[in-house]
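Me: Please take a close look at one exposed loop position in this model and connect what you find there to the parts around it. I would like one continuous account, with the cut-offs stated as you go.

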Amino acid sequence: MNAALSPAGETAVAARSENPAVRSLTRRHYFRWWEALPWIVAVGYYFAFPDYLSFGSELLIAILFALSLDLALGYAGIVTLGHAAFFGAGAYTVGMLAYYGVWNEPITSLMLGALAAAAVGLLSGLVLLRTTGLTLLMLTLCTMALLEEAANMGHAYTGGFDGLPSLTIAPVFGLFEFNPLYANTQYLFSLGVLLPCFLFVRTLIYSPFGQSLTGIRENVLRMHAIGSPVRRRLIVCYTISAALAGIAGGLWAQTNAYVNLSALDLDRAATVLIVLILGGYGRLYGAFIGAVVYLALEHFLAELYPTAWQLGLGLLLVLIALFARNGILGLGEAIWRRVRARRNAP
Amino acid sequence: MNFATDFASIVLGGLSAGTVLFIVSVGLSVTMGLMGFVNLAHGAFAMFGGYVIVLAMNRAQFGFASALALGFVVTAAFSVALERLLYRRLYRSGELDQVLFTIGLIFIFIAATTILIGPSGQTLQLPPALDGQLDLGFMQYRTYSVFLIVVGAVIVLGIWLAFERTRIGAQIRATVDNRRMAESLGINVDRLFTITFAFGSGMAAIGGGLGAEFLGLDPQYPLKYLVYFLIAVSVGGLGSVLGVYFASLILGVLNFVLTFYLPKGGTLFIYALTILILLARPQGLLGRKEP
C-alpha cells in the first residue's frame, strides 16, 4: 500500500510541510531577495564610478577566483595552498594563444583556458587527493611551484620572468573593442562571465552533489560508510574548481593584456586564501565580501603605506584566526542571531 | 681530477647549506609532530634570531659564539611568550586556521622588521678563525663550510641522543606516536610542547645566524625560504630528527649540484622529486605516523 495514500501518511505530509524546519530545508535553495543586491551594486558601480572600472574588473576577477576556491576549500574541505596553479594555467593558455595569434576571441579562449586548468586540476587531483593534512598542503604547494618553474624555464614560449606583454584580444561578439583602454567593455564582460559562473556554483552546491561535498568535509568516514564515492566526488569538485579558477586567470590575462609569473606564485595563492577566509568560507557570498574588503583596503592603503598595510593585514589575519573563524559573514551572522534572539525574547 | 674537486666542493657546499636547513627546520618537525600544528611562521623565528645575532655582533661587539647563545636564549624566550599567548589557542582548530594565523604572523614579522630595522639586508662578519681556507688533504675548502657540517653533525648526534636516552625524549617520542595514549599515561603534553617549541625556535635562531652569511638576512627571509623548510620537514617525516637531517642534506646537495650543472630547471627537479616522494610515502621518508 502506498504510504502517501493512507490517512496517517497524509497527516504526516501535512505536518511536514507546516514544520518551519522542514520548510526552510526544502526551500533553502530558493532565491532570497537580498541575493539580487550584489548584482544591483555591480551594475550601479558601473554608472557611479566610470573612472574606476578597471579596478572593478580586478574586483570581479578576484571574486570569481575566490568563489572557485570556496568550492574546493569551503565546501569540500580540500585545504590547498596551490590554487594559483589553475589561475596560472588559465592565464597562460589565454595569454599564449593570443600572443602567438592562434586564437584571441574572448569567450572561446576563456573556455579553452578553463579546459586547460581543468586538465591540470584533474591530473593533479587524481594523484594528490589521496592525501590529507600537511601532505596535501605540501603537494598542492609543490605542484604550483612546479608549474611556476616550468613557466620560468619555458622562456622561449612563455616569456619567462618577464611574461608575455601587450596581448591583443579580439572584440567581444566582434563588436566591442577589448583592451585596457576600454575599461567599460572589460567591466561588463567580466560581470557577464562572473554571473553564469556564480549561478553554476550556486546550483552545484545546493544539488545532491554539493550536499555530498559538505558531507565529506564534515565527516569523511561517515560518507564512506553510507557508500558515497568520496574520492571521485573530490576529484570532480577539484576539477570544476580548477576550471573556474582557470576562467578567472584567463579573464585576468585578457583584461590586463599581459601574463607573467605572478599568475602562478605563492603570493597569489595566499592572497586568494586570505580573501576567501576574510569574507567567510563555505558561504557562497564570502568571496564577494572578502574580495571587496581586501581589494579596497589594498588599493587605498598599500600604495600609501606598503609596510603599514602588511602589518595591518598580518594583524587582521591573526585576529580572524583567533576570534572570527568564519570571517566577516560569520561575524555578521553571529550578530544577526543575537539581535534576533534578543528581539524574540520577552 | 678537475671534475672530481669541482664536484667535491659542490657537494661540500650543499652539505653545509643542508646543515643550516636542518638546524632551522628540526624544531618545526618536532613541534608539528607533537601537536600537528602547521606553523608556517617558523622561518620568522629563524629571522628574528638571525637579526638578534647579527645585530649583537655588529652593534654590541659580541663574539660569534656568545651572539649565537644570546640569539638562542632571546628567541626561545620570545617564542614561549608567543606560544603561551597565541599559539595555544589554536591547537584544537583546523589546519586552515593555523595556516591563516601563521601567515598573518609572517606578515607581522616582515613589517615589524622593515619598520624597526629597515628593508635592507644585514651582513654577518665571520670571526677570522672561520673565514679562511682549510686543507682537507686532497683539496682546500672554506673553513666555515666545514665548520658548519661538523656543527650540524654534532647537533644531530646531540638531539638524537636526547631523544633516545633522556626521559623527556622518550615522552616526546611517545606523544608523537600517540598523543592521547601519552596524555592518559600522565605525560604533560602542554608543558612538553612549550619546551620543544622554545628549543625548536632557539635552534631556528641559531640556524638563522649560522646561515646569514650565505642565505642573507632581510625582512623577506621567512617567506623566501618557507618552501624549503616545509619540504625538509614533510619529506623527512614529522617528528623524526634523523629524517629531517637526511632530507635537509639531500635537499642542500641536490640544490647545489643542480644549480651548478643544470642552472635552468634545477628547482623543477626538486619540486618533482618532493611530489614523488610524498606520493609514495605521505608520512615522509622516516616518519612513522600517518600525517
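**A loop residue and its surroundings**

Reply: B:Q61 counts as exposed because it has 8 C-beta neighbours inside 10 Å (20 or more other C-beta atoms, placed from the backbone, within 10 Å would make a residue buried, 12 or fewer exposed, and anything in between partly exposed). The model is a predicted one, in which local features need pLDDT of at least 70 and side-chain atom pairs pLDDT 80 or more, while totals for chains, interfaces and linings use all residues. Residues are numbered from 1 along each chain, with chains lettered from A in the order written.

Although B:Q61 is not a glycine, its phi is positive, at about 55 degrees, and the residue sits in the loop that joins α2 to α3 of chain B (helices being DSSP runs of H or I of at least four residues, numbered from the N terminus). Helix α3 of chain B, residues 64-85, has 22 residues and spans 32 Å from its first C-alpha to its last, close to the 32 Å expected at 1.5 Å a residue, taken as 1.5 Å times one less than the number of residues. In contrast to the exposed B:Q61, several residues of α3(B) are buried, among them B:A67, B:L68, B:F72 and B:S79. The cover over the buried residues of α3(B) includes α2 (42-60) and α9 (189-215) of chain B, where contact requires C-beta atoms within 7 Å.

Chain A offers a comparison in A:A257, which is likewise not a glycine yet has a positive phi of about 60 degrees, and whose place is the loop between α12 and α13 of chain A. A:A257, with 19 other C-beta atoms within 10 Å, is therefore partly exposed.

Helix α12 of chain A, residues 230-256, also holds A:R231, which is partly exposed because it has 14 other C-beta atoms within 10 Å. The C-alpha of A:R231 lies 8.7 Å from that of A:L126, a residue 105 places away along the chain. Among the elements of chain A, α12(A) has the highest mean pLDDT, 94, and α1 (residues 7-18) the lowest, 56, on the predictor's confidence scale from 0 to 100.

Between the two chains, the contact takes 31 residues from chain A and 35 residues from chain B. On the side of chain A that touches chain B, the elements giving two or more residues are α7 (133-153), α13 (266-279) and α15 (306-323), and α7(A) gives the most, with 14 residues.
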